[in-house]
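Me: I'd like to go through a structure with you, one question at a time. Could you take a look and reason each answer through?

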Amino acid sequence: MTVLDDTARQYRITLRGECGQLLAGVVDALAIESRRGWTCLVVSVRDESALYGILDRFQDLALHIISLNELGAHVLDPWGTAGGAR
């Protein structure tokens with residue numbers, strides 16, 4: 001899937017381990033939170049290749065991805081059926 005419009009997509013990525021300080025210099029994240037053995041970050045990417053680039057950096061650093069979730073209203077309603085569709 002390649003994003004055809006100019007809007008960036010946001011993802012929440014959860015990693016095993018408290019690696020927030022390491023990621024601050026590696027990834028342009030909107031938010032990074034580390035605690036209790038987990039690190040959660042929110043990133044904004046322009047297209048799928050940028051997302052895979054970030055995931056490749058995590059692999060290079062031997063970080064374990066627990067979850068990857070796309071954020072936004074279009075994820076909850078991918079066909080645009082909210083509000084009046086029958």
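**A walk through the fold**

Reply: Happy to, and Thr14 is a good place to start: it is buried, with a relative accessible area of 15%. Please keep in mind that this is a predicted model.

Me: Which strand does Thr14 lie in, and which residues does Thr14 touch, leaving out those up to four places away in sequence?

Reply: Thr14 is part of strand β1. Its relative accessible area of 15% is under the 20% limit for a buried residue. With residues up to four places away not counted, the residues that Thr14 touches are Trp38, Thr39, Cys40, His64, Ile65, Ile66 and Ser67.

Me: Thanks! In what order do the elements of the protein run from the N terminus on?

Reply: The secondary structure comes to three helices and four strands. Read from the N terminus on, these elements run β-α-β-β-α-β-α.

Me: What share of the residues counts as buried?

Reply: About 6,100 Å² of the protein is exposed, and carbon and sulfur atoms supply 50% of that area. A residue needs under 20% relative accessible area to be called buried. Of the 86 residues, the share that passes is 23%.

Me: Among contacts between residues at least 6 apart in sequence, what percentage joins residues at least 24 apart?

Reply: One such link is the contact between Thr14 and Ser67. Taking the contacts between residues at least 6 apart, the part that joins residues at least 24 apart is 58%.

Me: Let's turn to helix α2. How does its reach from first to last C-alpha compare with the span expected at 1.5 Å a residue?

Reply: Helix α2 covers residues 48-60, which makes 13 residues. At 1.5 Å a residue, a span of 18 Å is expected. The model's helix comes close to that, with a reach of 18 Å.

Me: Why do the buried residues of α2 line one face of the helix?

Reply: The residues concerned are Leu51, Ile54, Leu55 and Phe58. An α-helix has 3.6 residues a turn, so residues three or four places apart point the same way. Seen down the axis of α2, the buried residues line one face because they fall within an arc of 95°.

Me: What do those buried residues pack against, and which exposed residues sit on the face turned away?

Reply: The buried residues of α2 pack against β1 (9-16), α1 (20-24), β3 (38-45) and β4 (65-71). Just after the helix, Ala62 takes a positive phi of about 60°. Back on α2, the face turned away from the buried side carries the exposed residues Ser49, Gln59 and Asp60.

Me: Leu68 caught my eye. Is Leu68 buried, partly exposed or exposed, and which residues is Leu68 in contact with beyond four places in sequence?

Reply: Leu68 is found in strand β4 and is partly exposed, at a relative accessible area of 37%. Its C-alpha atom is separated by 6.7 Å from that of Tyr11, 57 residues apart along the chain. Leaving aside the neighbours within four places, Leu68 is in contact with Tyr11, Arg12, Ile13, Leu51 and Leu55.

Me: In which sense do β2 and β3 pair, and which residue takes a positive phi in their hairpin?

Reply: Strand β2 (residues 29-35) pairs with β3 in the antiparallel sense, over six bridges. Within this pairing, Ser34 stands opposite Thr39 in β3. The hairpin has two residues between the strands, and the one with a positive phi, near 50°, is Arg36.

Me: How many salt bridges does the structure hold, and which pair ties together parts that are 61 residues apart in sequence?

Reply: The structure holds two salt bridges. In one, Arg35 pairs with Glu33, the closest N and O atoms being 2.7 Å apart; Arg35 counts as exposed at 53% and Glu33 as partly exposed at 41% relative accessibility. In another, the closest N and O atoms are 2.9 Å apart, and since one partner lies in strand β4 and the other in strand β1, the pair that ties together parts 61 residues apart is Glu70 and Arg9.

Me: Which partner of that last bridge is buried, and which is partly exposed?

Reply: Glu70 has 23% relative accessibility, so it counts as partly exposed. Arg9 has a relative accessible area of 16%, so the buried partner is Arg9.

Key:
Residues are numbered from 1 along each chain as its sequence is written. This is a predicted model: local features need pLDDT of at least 70, side-chain atom pairs count only at pLDDT 80 or more; totals for chains, interfaces and linings use all residues. Side-chain values use heavy atoms; hydrogens and water are left out. The expected span of a helix is 1.5 Å times one less than its number of residues. Buried means under 20% relative accessible area, exposed over 50%, partly exposed in between (1.4 Å probe, protein chains only). The arc is that of the directions from the helix axis to the C-beta atoms. Contact means heavy atoms within 4.5 Å. Accessible areas come from the Shrake-Rupley method with a 1.4 Å probe; for residues, only the protein chains shown count as cover. Two strands pair if DSSP finds at least two bridges between them. A salt bridge is a side-chain nitrogen of Lys or Arg within 4 Å of a carboxyl oxygen of Asp or Glu.
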